[in-house]
Amino acid sequence: MLFAAIYALFLDRWIKISLLEEAPVSDETDELRRHMIDARFLLAAVMAFAFAWAIGQAPLPYFEGMKFAGVLSVLPHVVIWAYGVALFALMLPGISAGEPPGLGDALRLSRSVRTPLFLLIAVVALVSLAAAAGTSWAVEFMPRRPWSPALMAGASRLVDCLMLAFVGHVLVSLYRNLSGWQPPEPEDRPYRTRRRSS
């Protein structure tokens, strides 16, 4: 739950950066950039976490007796979770932009790109799980020092952050193309906080 909240803060900040990448310099842009994370964004992260937990508790079919059964056993969970998250993923850029769409609007927006969204989220989830498993395995080959587990845990979290940045950028691109969202335009007045170079 703690990492879900931390990842939500990171993803919200990265989405804002991507939304305002080519925005004109203005007070309105700065206000959006400085805006703290919306409670609805955190709620979405908590819901995604709760959904993942609920799926983890559900009895799903496993691939017992097959080669790589341990790896394959997570596939049903990832597929169900990724599809559920893909349904409302396009709400996140709207919330970060200060124009949160309703669930019906998010479903309508995502209809034409639901399969790419599902594949994106599923692949990122699998990469994250693989990184966590790989770093846990790599600890066995590290020097027996107190910092070895912490180093590998940090490497796993770094992979998660890189994956979140990638997801955030893709979500922003899809949201802007499908909704027509544009960054706030400056009003007809000088930018009050601009520093003039001497």
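**Figure 1. Contacts across the whole chain.** Residues 24 or more positions apart make up 73% of the contacts in the protein with a separation of 6 or more. The model is predicted. The protein contains nine helices and zero strands. Read along the sequence, its pattern is α-α-α-α-α-α-α-α-α. Of its 198 residues, 38% count as buried. The accessible surface is about 12300 Å². Carbon and sulfur atoms hold 67% of that surface.

**Figure 2. The largest nonpolar core.** This core has 41 residues. Phe-41, Leu-90 and Leu-117 have the most contacts inside it. The elements that supply two or more residues are α1, α3 (39-57), α5, α6 (91-96), α7 (103-110), α8 (114-138) and α9 (147-179). Helix α8 gives the most, with seven residues.

**Figure 3. Surroundings of Leu-117.** Leu-117 is one of the buried residues of α8. It is also among the residues with the most contacts inside the largest nonpolar core. Neighbours within four places in sequence are set aside here. Leu-117 is then in contact with Ala-86, Ala-89 and Leu-90. Its other contacts are Ser-110, Leu-171 and Leu-174.

**Figure 4. Helix α8 and its cover.** Helix α8 has 25 residues. From its first C-alpha to its last it reaches 36 Å, close to the 36 Å expected at 1.5 Å a residue. Its buried residues include Arg-114, Leu-117, Phe-118, Leu-120, Ile-121 and Ala-122. Further along, Val-124, Ala-125, Ala-131, Thr-135 and Ala-138 are buried as well. The cover over the buried residues of α8 includes α5, α7 and α9.

**Figure 5. Helix α5.** Helix α5 spans residues 75-88 and has 14 residues. It reaches 21 Å from its first C-alpha to its last, close to the 20 Å expected at 1.5 Å a residue. Pro-76, His-77, Val-78 and Ala-82 are buried in this helix. So are Gly-84, Val-85, Ala-86 and Phe-88. Ala-86 is also in contact with Leu-117. Helix α5 is among the elements that cover the buried residues of α8.

**Figure 6. A salt bridge within α1.** A search of the whole structure finds three salt bridges. Side chains of opposite charge can pair when their charged atoms come close. Here the side chains of Asp-12 and Lys-16 meet, with 2.9 Å from N to O. Both residues lie in helix α1, four residues apart, about one turn of the helix. An α-helix has 3.6 residues a turn, so residues three or four places apart point the same way. Are the two partners buried or exposed? Asp-12 counts as buried because its relative accessibility is 2%, under the 20% cut-off. Lys-16 is also at 2% relative accessibility and therefore counts as buried.

**Figure 7. A salt bridge between Arg-40 and Asp-38.** The closest N and O atoms of this pair are 3.0 Å apart. Arg-40 is at 46% relative accessibility, so it counts as partly exposed. Asp-38 is at 17% and therefore counts as buried.

**Figure 8. A salt bridge within α9.** The side chains of Asp-160 and Arg-157 meet at 3.7 Å, N to O. Both lie in helix α9, three residues apart, about one turn of the helix. Asp-160 is buried, with a relative accessible area of 7%. Arg-157 counts as partly exposed, at 34% relative accessibility.

**Figure 9. Ser-148 in helix α9.** Ser-148 lies in helix α9. Its relative accessibility is 2%, so it counts as buried. Which residues does Ser-148 touch, not counting those up to four places away in sequence? They are Val-139, Met-142 and Pro-143.

**Figure 10. Trp-181 beyond α9.** Trp-181 sits in the segment after α9. It counts as buried because its relative accessibility is 5%. Neighbours within four places in sequence are again set aside. Trp-181 is then in contact with Leu-19, Leu-20, Leu-32, Ala-97, Glu-99, Tyr-175 and Arg-176. Trp-181 and Ala-97 are 84 residues apart in sequence. Their C-alpha atoms are 8.8 Å apart in space.

**Figure 11. A nonpolar patch on the surface.** The patch is formed by Met-1, Val-46, Phe-49 and Trp-53. Together these residues have about 410 Å² of accessible area. Met-1 is found in the segment before α1 (2-19).

Notes
Residues numbered from 1 in each chain as written. Predicted model: local features only at pLDDT ≥ 70, side-chain atom pairs only at ≥ 80, totals over all residues. Heavy atoms only, no water. Expected span 1.5 Å × (residues − 1). Buried < 20%, exposed > 50% of the residue type's maximum accessible area, 1.4 Å probe, protein only. Patch = residues over 30% accessible without salt bridge, like charges linked within 9 Å, V, L, I, M, F, W, Y side chains within 5 Å. Areas by Shrake-Rupley, 256 points an atom, 1.4 Å probe, with all protein chains shown as cover. Salt bridge = Lys/Arg side-chain N within 4 Å of Asp/Glu carboxyl O. Core = buried A, V, L, I, M, F, W, Y, C linked by side-chain atoms within 4.5 Å. Contact = heavy atoms within 4.5 Å.
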